[in-house]
Protein chains: 2
Amino acid sequence: MKFKASVKVMLKTAVLDPQGATLERALKSLGYQNIDFVRVGKLVELVLEEESEQAALKAVNAWADQLLANPNMETFSVKLEPLL
Amino acid sequence: MKFKASVKVMLKTAVLDPQGATLERALKSLGYQNIDFVRVGKLVELVLEEESEQAALKAVNAWADQLLANPNMETFSVKLEPLL
């Protein structure tokens, strides 16, 4: 069975996000004052084949933990949807 | 009214994604052969205040178009949820 997985990797809230801060400044200097908490993260999308949704979720979580996210500074969340 | 907006910016399918290709190779060299179409994109999250959901959506779409995405190589999609 094929699944499409999305892994969202964001810096932890306590970690300074320079890219987000720069973007926030840029938006404010363009005249948008009504914004806050701008954070920039990574999104990894992939297609994988596994027997079950559970197995797929387990695999993607393992990849995110081992390869995609830095556990010291980042948190990740995994979303999975079956492909037809 | 406050909203939390997420802007997903991905390279267009026709554009080569070296980061995704590298990640795919890395995962395959770790022994996961059952993967395909690995793409890496950006995710921007922010909180904004607008009168209505429509106005917020319009503002975030304008930012994404002007600042966040490169329209030649990237596509974006915006998701909005009201904050309590």
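User: Before we start, what counts as a salt bridge here?

Analyst: A salt bridge is a side-chain nitrogen of Lys or Arg within 4 Å of a carboxyl oxygen of Asp or Glu. Keep in mind that this is a predicted model.

User: How many salt bridges does that rule give over all chains?

Analyst: The count comes to six over all chains. The general idea goes like this: side chains of opposite charge can pair when their charged atoms come close. Take A:Glu45 and A:Lys4, whose side chains meet at 3.8 Å, N to O. That pair links distant parts of the chain, with A:Glu45 in strand β2 of chain A and A:Lys4 in strand β1 (residues 2–11), 41 residues apart.

User: Which salt bridge does A:Glu45 make with chain B?

Analyst: The partner there is B:Lys8, at 2.8 Å from N to O. Across the interface of chain B and chain A, the rule finds two salt bridges. There are also 12 residue pairs in polar contact across that interface, both residues being at pLDDT 80 or more.

User: Which elements of chain B touch chain A?

Analyst: Look for elements that give two or more residues to that side: they are β1 (2–11), α1 (18–29), β2 (35–49) and α2 (53–68) of chain B. The largest share, 15 residues, comes from β2(B). By class, that side of chain B has 19 nonpolar, four polar and eight charged residues.

User: What does β2(B) pair with?

Analyst: Strand β2 (residues 35–49) of chain A pairs with β2(B) in the antiparallel sense, over 11 bridges. To see the pairing up close, find A:Arg39, which stands opposite B:Glu45 in β2(B).

User: How much area do chain B and chain A bury between them?

Analyst: About 2700 Å², with 62% of it on carbon and sulfur atoms. The contact takes 31 residues from chain B and 31 residues from chain A.

User: How are the two copies related?

Analyst: Try laying one chain on the other. Chain B goes onto chain A with an RMSD of 0.0 Å, by a turn of 180 degrees and a shift of 0.0 Å along the axis. The two copies are therefore related as by a two-fold rotation axis. In chain B, the C-alpha nearest that axis belongs to B:Lys42, 2.3 Å away.

User: Why can we say that the copies meet through the same surface?

Analyst: Because 100% of the interface residues of chain B are also interface residues in chain A.

How values were computed. Residues are numbered from 1 along each chain as its sequence is written. Chains are lettered from A and ligands numbered from 1 in the order in which they are written. This is a predicted model: local features need pLDDT of at least 70, side-chain atom pairs count only at pLDDT 80 or more; totals for chains, interfaces and linings use all residues. Side-chain values use heavy atoms; hydrogens and water are left out. Contact means heavy atoms within 4.5 Å. Buried area is the accessible area (1.4 Å probe) that two parts lose on being put together, summed over both. A polar contact is a pair of N or O atoms within 3.5 Å; within protein, one must be able to donate a hydrogen and the other to accept it, and residues adjacent in sequence count only if both atoms are side-chain atoms. Helices (H or I, at least four residues) and strands (E, at least two) are DSSP runs, numbered from the N terminus. Ala, Val, Leu, Ile, Met, Phe, Trp, Tyr, Cys and Pro count as nonpolar, Asp, Glu, Lys and Arg as charged, and the others, Gly among them, as polar. Two strands pair if DSSP finds at least two bridges between them. Copies are superposed by least squares on the C-alpha atoms of residues with pLDDT of at least 70 in both.
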